[in-house]
Amino acid sequence: MTFALKELHTIEIVGGGLAGCEAAWQAAQRGVRVVLFEMKPTRFSPAHRIHDLAELVCSNSFRSASPENAVGVLKEEMRRLGSLIMQASYATRVPAGGSLAVDRAEFARFVTHALEEHPLVEIRRQAVSQVEGNTLRIIATGPLTSDEIASDLARLTKENSLYFYDAISPIVETESLNNALIFRASRYNKGGTEGDYLNCPMTEEEYRRFWEQLIHAEKVEAREFEDIPYFEGCLPIEVMARRGYDTLLFGPMKPVGLRDPGTGKRPFAVVQLRQEDAGGNLYNMVGFQTKLTYREQERIFRMIPGLKCATFARLGSIHRNTFINGPRCLEKGLRLRGVPGVRLAGQITGVEGYVESAAVGLIAGIHAAREIRGLPILPPPPETAHGALIRYITTGNGEHFQPMNVTFGLFKPVEHFRGGKKERRRLLAYRALEMIEEWKKHLADGTSPCTDE
Ligand SMILES: Cc1cc2nc3c(=O)[nH]c(=O)nc-3n(C[C@H](O)[C@H](O)[C@H](O)COP(=O)(O)OP(=O)(O)OC[C@H]3O[C@@H](n4cnc5c(N)ncnc54)[C@H](O)[C@@H]3O)c2cc1C
């Protein structure tokens, strides 16, 4: 393969993790020279251990391989877009049932080797201390980004838009709720005429049983670098529960200002659900940030009236996690608002997970390559899994922004669809893959930098 280029443009990428490596590959495959900065092995984050790039710091799984799952669709889109991370994962796959799991050492070696061998990629093993550079830059320094980059980002994003811990409440899919047990209202009838919240009312007996399970539930153990300084306003639900029987009744489960139309009375306790996405497909459990294990969350939160058959689009967690408030700080093309020439990629943009981080890297790499070559930015269509994720981190709810995995609830809904859940998911998946092919065609129009000899 030779590169038929009249002039060579260069971009810089900071961070050789999943996002940075994918961004580098995408840009280089489009004929753009890339300098990729990685601070390992001179410096390691508290979770990174090996010298190779694209290190999987915990599990070796890229989750479901099924296209009937949103992350399966995202992976298939990435594969079709020529993703290096997908190539590496299929090349180093290990048996894992319905999941795509890899031999982590082989995986990291594959990615490192591919980038080392790419004629347009130069890897510099050095820590970068500033966000802005001399040319277009992608910052992909991850959830454990170095202190220098974090403080520079904090300075540039102002308005307290950089966070060091997430505090994630579970999100449920609206169609999985039992509306017969839930009522719509805002406290003291504030807000919209119909009420902005879905309320799950509890009797005293229901509350007692729920509280007893909560205080004895199994928690995820924190790693040593995750000594999380909890803020009073954002304590895990189980920590609040352990402070006393009444604590939640004066906190997130307080029933004040609400009347259950079913009984005509104020409930003993209430779990409030707040709309998460513009389409109303997802609702967030207000104040339910938690460190309980996923299994315990599903078991205990299904005791809440109306949530017995809930589909959880996201479960709760609290991690050490450096990320920005995307809707406040990012603009079209994943550019950092008010900082010309800089875009962000990976987990630092407010997505969650290996695949999602790499997917945002992929899009950032494409955008940067197009921008430096003077081509217009073409965001992925909102019908695609990539488009849905990018839409969440750029135009989601900036007031209550928290990191998110990809889920069908984020996809642009299919208008007037009346079928069941499985059918809807299949349709969303099918439409997403069709649209990604369309997008690919647009990207390729007159922009093909490589010619095979
Ligand atoms: C402890 C932990 C466990 C996780 N476990 C999972 C899991 O099991 N499954 C899952 O799907 N997701 C998991 N995640 C979430 C997340 O998806 C991964 O962290 C993912 O690797 C993020 O990709 P990234 O490219 O954004 O960042 P990373 O993969 O972390 O890459 C960032 C890279 O930037 C480098 N870097 C940082 N600062 C600088 C600098 N100043 N100069 C140069 N280089 C720099 C780092 O050394 C690193 O190589 C976990 C996160 C953490 C923190």
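**A guided look at the predicted model**

Visitor: How many ångströms apart are the end C-alpha atoms of helix α4?
Guide: In this predicted model, α4 has 14 residues, from 104 to 117. At 1.5 Å a residue, the helix should span 20 Å. The distance between its end C-alpha atoms agrees with that, at 20 Å.

Visitor: What covers the buried residues of α4?
Guide: The buried residues in question are Arg-104, Phe-107, Ala-108, Phe-110, Val-111, Thr-112, Ala-114 and Leu-115. Their cover includes the helices α1 (18–29) and α3 (84–91). It also includes the strands β3 (33–37), β6 (99–102) and β7 (121–124).

Visitor: Which helix supplies the largest share of the shell around the ligand?
Guide: The shell has 33 residues, and Gly-15, Gly-17, Cys-58, Gly-142 and Gly-346 come nearest to the ligand. By class, the shell divides into 16 nonpolar, 15 polar and two charged residues. Both α1 and α10 (354–372) supply at least two of them. The largest share, three residues, comes from α1.

Visitor: Now to α10. How many of its residues are buried?
Guide: Over its 19 residues α10 should span 27 Å, and its end C-alpha atoms are indeed 27 Å apart. After the helix comes Gly-374, with a positive phi near 75°. As for cover, α10 is mostly covered, and of its 19 residues the buried ones number 16.

Visitor: Is Arg-63 buried or exposed?
Guide: Arg-63 is found in strand β4, and its phi is positive, near 65°, although the residue is not glycine. Most residues other than glycine have a negative phi. Burial is decided by the neighbour count, and 20 or more C-beta atoms within 10 Å are needed. Arg-63 has 23 such neighbours, so it counts as buried.

Visitor: And His-416, is that buried or exposed?
Guide: His-416 also has a positive phi, near 55°. Its place is in the loop between α11 (385–395) and α12 (421–444). Because His-416 has 5 C-beta neighbours inside 10 Å, it counts as exposed.

Visitor: Which residue does a cis peptide bond join to Lys-40?
Guide: Most peptide bonds are trans. Here, though, omega is about 0°. The partner lies in the loop between β3 and β4 (61–64), and its name is Pro-41.

Visitor: Which residues is Asp-152 in contact with, leaving aside its neighbours within four places in sequence?
Guide: Asp-152 sits in helix α5 (residues 147–157), and with 19 C-beta neighbours inside 10 Å it counts as partly exposed. Ser-129 is 23 residues away in sequence, yet its C-alpha lies 7.9 Å from that of Asp-152. Once the neighbours within four places are set aside, the contacts of Asp-152 are with Gln-130 and Val-131.

Visitor: How far apart do the C-alpha centres of domain 1 and domain 2 lie?
Guide: The domain assignment gives domain 1 as 2–164 + 321–451 and domain 2 as 171–314. Nine residues of domain 1 and ten residues of domain 2 take part in their contact. On the domain 1 side, these are four nonpolar, four polar and one charged. The C-alpha centres of the two domains are separated by 32 Å.

Visitor: To finish, what is the radius of gyration of the chain?
Guide: The chain has twelve helices and 20 strands. For 453 residues the globule rule gives 22 Å, and the chain comes close to that, so it is as compact as a globular protein of that length. The radius of gyration of the chain is 23 Å.

Technical notes. Residues are numbered from 1 along each chain as its sequence is written. This is a predicted model: local features need pLDDT of at least 70, side-chain atom pairs count only at pLDDT 80 or more; totals for chains, interfaces and linings use all residues. Domain bounds come from an automatic or database domain assignment. Two residues are in contact if their C-beta atoms, placed from the backbone, lie within 7 Å. Ala, Val, Leu, Ile, Met, Phe, Trp, Tyr, Cys and Pro count as nonpolar, Asp, Glu, Lys and Arg as charged, and the others, Gly among them, as polar. Helices (H or I, at least four residues) and strands (E, at least two) are DSSP runs, numbered from the N terminus. The radius of gyration is taken over C-alpha atoms; the globule rule is 2.2 Å times the number of residues to the power 0.38. The expected span of a helix is 1.5 Å times one less than its number of residues. A residue is buried if 20 or more other C-beta atoms lie within 10 Å of its own, exposed if 12 or fewer, and partly exposed in between; C-beta atoms are placed from the backbone. A residue is near a molecule or strand if its C-beta atom, placed from the backbone, lies within 6 Å of it.
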